[in-house]
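Subject: Structure handover

Hello,

I am handing this structure over to you. Please open it before you read on.

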Amino acid sequence: MIVVVIGAQWGDEGKGKVVDLLSDRFDIVVRYQGGHNAGHSVHVGGKSFVLRLLPSGIIHEDKICVLGNGMVIDPKAFFEEIEQLEQQGISITSERLKVSSRAHLIMPYHRALDHTSEERLGNEKIGTTLRGIGPAYEDKAGRRGIRVADALWPEVLRRKIERNLEEANRIIVLFGREPLRSNEIFDEVSPLIERMRPFVCETADFLAKAKKEGKRILLEGAQATLLDVDHGTYPYVTSSNPTAGGACVGAGIPPHYITGVLGIVRTYATRVGEGPFPTEMLGEEEHIAHLIRQRGNEYGSVTRRPRRCGWFDAVATRYAANLNGFDSIALTKLDVLDELDEIKVCVGYELNGKRIDHFPASVHELRSVKPIYESLRGWRTSTLGIKRFEDLPKEARDYIEFISTSIGVNVGVISTGPEREQTIIVKDSVVEEWLNHLKTLETAFL
Ligand code: GDP
């Protein structure tokens, strides 16, 4: 059994809670793309953990976690996160944390290049996390990247650093920064790689064997569908493929081994950083954005930057559902909308006076579209912690059904609060099938 969990919008859909809930019932949790730019906050047993690089399953000591070949790994951030978790009482050994020998490394010059590349874009900057993730993926595609397996050979690591730095320094100097020294980089990175050696694994082989043994594997997407480098709002995207196809490539798992894909959808939309956001609440709707931000704690989990808030966009989310082939969705943060009189859903766009129903590829078009809204009545009563669908107010049930119909996927799970038990399992066939696989899952939810 292999399930992929993917954010359907621009991220921060509340994936942390759902993945944590699920990962409890899986044997292995895999990340397949991105780097230490994820930002899950997971609350377990009265403790809060912030995970950037490692899969959320790491908190449960009986789980094995895998960093797949599709990731870019900063060795310094890797050990910082391990040390942080160990200080919080989590034991992390090479028995339960595996790093792909084919994953790429983020080097100190990637961080410097991330800064220069954003400076170069000026007003059109992407709003990256400046952690070197984009430049590491550029090197991967440019066939200059340094993979974990290469770095295990000190002479190869030294040679590749020297060669790459020559080029990187030209750009770094051009932007008025101090050039970096290859021997300093080697001296910084080399001991970390040595420390990483026991964790390194042929992860695709490991997962193939685990699958044969009947182990349950959860593939955890970071970022989200509309930030996918191919399918998202390019160029305001991440540098990898969070979508379901990316899960196969980035973990080394054949597509037909995937049992199902669960989409995480929030009852409204948010976006951090730059980039088009058709349903953003601006002007007269600013106060609604403010209310949602307060109720939903919509501030960056690391930076505390306020997130841009907007109405649910059915066009964008239907696009995400089709791209990923969602079998079911987990709808999060229903309770955040409890105080609204009216809730709008974007059901189409108007572009140059004509209605369109697809999600445009061009950022220029996405910036020009006018959302076409349908208005639904708010429920104006608390749904916090409700555990049964039938106990929800009628307007909330109508809203959920409207979302489900407009994106063409059944809602299997509804989240009515940040806590694990504040969850509704909707009786739909897909989730039931998974529940049969994962016999104890239902009791964990209810
Ligand atoms: P993620 O990266 O997708 O997990 O998103 P974040 O960690 O940035 O945001 C999720 C935040 O929302 C966390 O603080 C969660 O505890 C909280 N959260 C998750 N689901 C719900 C929900 O249904 N209702 C409320 N009020 N908060 C939720």
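My notes follow, starting with the domains and then the ligand site.

This is a predicted model.

**Domains**

The protein chain is split into domain 1 (2-99 + 200-260), domain 2 (104-196) and domain 3 (265-445). Domain 1 and domain 3 are in contact, with 34 residues taken from domain 1 and 45 residues from domain 3. Their C-alpha centres are 23 Å apart.

**Ligand site**

Start with the shell. There are 18 residues around the ligand. Gly14, Lys15, Gly16, Asp335 and Ser415 come nearest. By class, the shell holds 2 nonpolar, 9 polar and 7 charged residues.

Where do the shell residues come from? Domain 1 (2-99 + 200-260) and domain 3 (265-445) each give at least three of them. Among the secondary structure elements, α1 (15-23) and β3 (40-44) each supply at least two.

Three polar contacts to oxygen atoms of the ligand are worth a look:

- Ser415: an N or O atom in its side chain is 2.5 Å from a ligand oxygen.
- Lys15: a backbone N or O atom lies 2.7 Å from a ligand oxygen.
- Arg307: a polar side-chain atom lies 2.9 Å from a ligand oxygen.

The ligand on its own has 580 Å² of accessible area, and the protein covers 92% of it.

**Two residues to compare**

Take Ser56 and then Ile171. Ser56 sits in the loop between β4 (47-51) and β5 (64-67). Is Ser56 buried or exposed? Ser56 counts as buried, because its relative accessibility is 0%. Leaving out residues up to four places away in sequence, Ser56 touches Val19, His40, Val42, Leu51 and Glu220.

Ile171 is placed in helix α6 (residues 154-174). Ile171 has a relative accessible area of 30%, so this residue is partly exposed. With residues up to four places away in sequence left out, Ile171 touches Leu113 and Thr116. For a sense of scale, take Ile171 and Ala396. Their C-alpha atoms are separated by 54 Å, and the two residues are 225 apart along the chain.

**Backbone geometry**

Most residues other than glycine have a negative phi, and most peptide bonds are trans. Three places here deserve a check for that reason.

Which residues does a cis peptide bond join? The pair is Tyr234 and Pro235, with omega about 5°. Pro235 is in the loop between β10 (217-220) and α9 (244-251).

Asp12 is not a glycine, yet its phi is positive, near 60°. Asp12 falls in the loop between β1 (2-7) and α1. At 27% relative accessibility, Asp12 is partly exposed.

Asn297 also has a positive phi, near 50°, and is a residue other than glycine. Asn297 belongs to the loop between α10 (286-296) and β13 (308-310). Its relative accessible area is 44%, so Asn297 counts as partly exposed.

**In brief**

The ligand has 92% of its accessible area covered by the protein. Its shell draws on domain 1 and domain 3. For the backbone, look at the cis bond between Tyr234 and Pro235, then at the positive phi of Asp12 and of Asn297.

Best wishes

How values were computed: Residues are numbered from 1 along each chain as its sequence is written. This is a predicted model: local features need pLDDT of at least 70, side-chain atom pairs count only at pLDDT 80 or more; totals for chains, interfaces and linings use all residues. Side-chain values use heavy atoms; hydrogens and water are left out. A residue is near a molecule or strand if one of its heavy atoms lies within 4 Å of it. A polar contact is a pair of N or O atoms within 3.5 Å; within protein, one must be able to donate a hydrogen and the other to accept it, and residues adjacent in sequence count only if both atoms are side-chain atoms. Accessible areas come from the Shrake-Rupley method with a 1.4 Å probe; for residues, only the protein chains shown count as cover. Helices (H or I, at least four residues) and strands (E, at least two) are DSSP runs, numbered from the N terminus. Ala, Val, Leu, Ile, Met, Phe, Trp, Tyr, Cys and Pro count as nonpolar, Asp, Glu, Lys and Arg as charged, and the others, Gly among them, as polar. Domain bounds come from an automatic or database domain assignment. Buried means under 20% relative accessible area, exposed over 50%, partly exposed in between (1.4 Å probe, protein chains only). Contact means heavy atoms within 4.5 Å.
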